Amino acid sequence: MALSPRRATGTQRSSHTTFSGAGVPVRGGRVTKNRLKGRGKAQPKSEMLLKLQLQSNPEALCLVRATVERAAEVMHFQDADARAIVRSVDEALANVMRHAYGGRPGFPIEMSCYKLPVGEKKTARGGIEIFLADKGVPVKPATLKGRPLDEIRPGGLGLHFIRQSMDEVEFTRKKGKNLLRMVKYLMPTLHPVASEGE
């Protein structure tokens, strides 16, 4: 089964994933209070790129990876940054399925991706902001520590990777949901883009 997000506003459904609201402006403060910190009234608002509603089934991960990869491509992220975003989302979702839901299938996970406008803090080039929400076992942010890097064994490095790959990573608990916020800012391109016709 292949799905691709529509460019125009619309909804496409499958048993695992829902795409909706491309280009819908974000109304500030819906997910966490931190979205508005330092933001004045004159600053431009973020735009929703897509919203996915999926279940804690590993089969959904390939669909999410393809969708996030396409979103990063549309936003003109460099290849290495696009791969880092995709792997971070994939790792975060796998952790939700494994830890918050104990490996049990069929539980809800919501992912929202927003396009940060040009002129957003820390960069003049904008970026992507991704929220994951689940209703699983409460996560205490203070306990979210990956295993030591010098301890050689499989697993346990997902959090290290996410924190090193994304520019901002924030865990919160609100209204019975675990919330993970990840931000990646666009880096300046290394080569000038050729004008049309060249």
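I take buried to mean under 20% relative accessible area, and by that cut-off both R181 and E168 are buried. I'm working from a predicted model.

**Entry 1: the charged cluster**

I went to R181 and E168 first and found their side chains meeting in a salt bridge, 2.8 Å from N to O. This pair links distant parts of the chain, with R181 in strand β8 and E168 in strand β7, 13 residues apart.

Which other side chain meets R181 in a salt bridge at 2.6 Å, N to O? I get E129. E129 sits in strand β6 and R181 in strand β8, so this salt bridge ties together parts that are 52 residues apart in sequence. I checked burial here too: E129 and R181 are both buried.

Putting these together, I see a network of salt bridges that links E129, E168, E170 and R181.

**Entry 2: the rest of the salt bridges**

I ran the count and it came to seven salt bridges. One I looked up is D90 with R65, whose side chains meet at 2.8 Å, N to O. D90 is in helix α2 and R65 in helix α1, so the pair ties together parts 25 residues apart in sequence.

Are these two buried or partly exposed? D90 comes out partly exposed at 22% relative accessible area, and R65 is partly exposed as well, at 34%.

**Entry 3: the nonpolar core**

Next I pulled up the largest nonpolar core, which has 32 residues. The members touching the most other members are V64, F77, I85, V89, M111, I130 and M182. I then asked which elements feed this core: β4 (47–55), α1 (60–74), α2, β5 (108–116), β6 (127–134) and β8 each supply at least two residues. Helix α2 gives the most, with nine residues. As background, nonpolar side chains in soluble globular proteins tend to be buried together.

I listed the contacts of M182, leaving out residues up to four places away in sequence. Among them are V89, A92, I130, L132, I162 and M166. The list also includes E129 and E168, two members of the salt-bridge network from my first entry.

**Entry 4: M166**

Where does M166 lie? I find it in the loop between α3 and β7. M166 is nonetheless buried, with a relative accessible area of 3%. Beyond four places in sequence, M166 touches I85, S88, M182, V183 and K184. I also checked the C-alpha atoms of M166 and K184: they are 5.2 Å apart, while the two residues are 18 apart along the chain.

**Entry 5: helix α3**

I moved on to α3, residues 158–165, where G158, L159, I162 and S165 are buried. Looking down the axis of α3, I see the buried residues fall within an arc of 140°, so they line one face of the helix. A reminder to myself: an α-helix has 3.6 residues a turn, so residues three or four places apart point the same way.

What do the buried residues of α3 pack against? I get α2 (79–100), β7 (168–174) and β8 (177–185).

**Entry 6: cysteines**

Last lookup: how many disulfides are there? The count comes to zero. I noted the exposure of two cysteines anyway. C62 is partly exposed, with a relative accessible area of 42%, whereas C113 counts as buried at 1% relative accessibility.

Note on methods
Residues are numbered from 1 along each chain as its sequence is written. This is a predicted model: local features need pLDDT of at least 70, side-chain atom pairs count only at pLDDT 80 or more; totals for chains, interfaces and linings use all residues. Side-chain values use heavy atoms; hydrogens and water are left out. Buried means under 20% relative accessible area, exposed over 50%, partly exposed in between (1.4 Å probe, protein chains only). Helices (H or I, at least four residues) and strands (E, at least two) are DSSP runs, numbered from the N terminus. The arc is that of the directions from the helix axis to the C-beta atoms. Contact means heavy atoms within 4.5 Å. A disulfide is a pair of cysteine sulfur atoms within 2.5 Å. A nonpolar core is a set of buried Ala, Val, Leu, Ile, Met, Phe, Trp, Tyr and Cys residues joined through side-chain atoms within 4.5 Å. A salt bridge is a side-chain nitrogen of Lys or Arg within 4 Å of a carboxyl oxygen of Asp or Glu.
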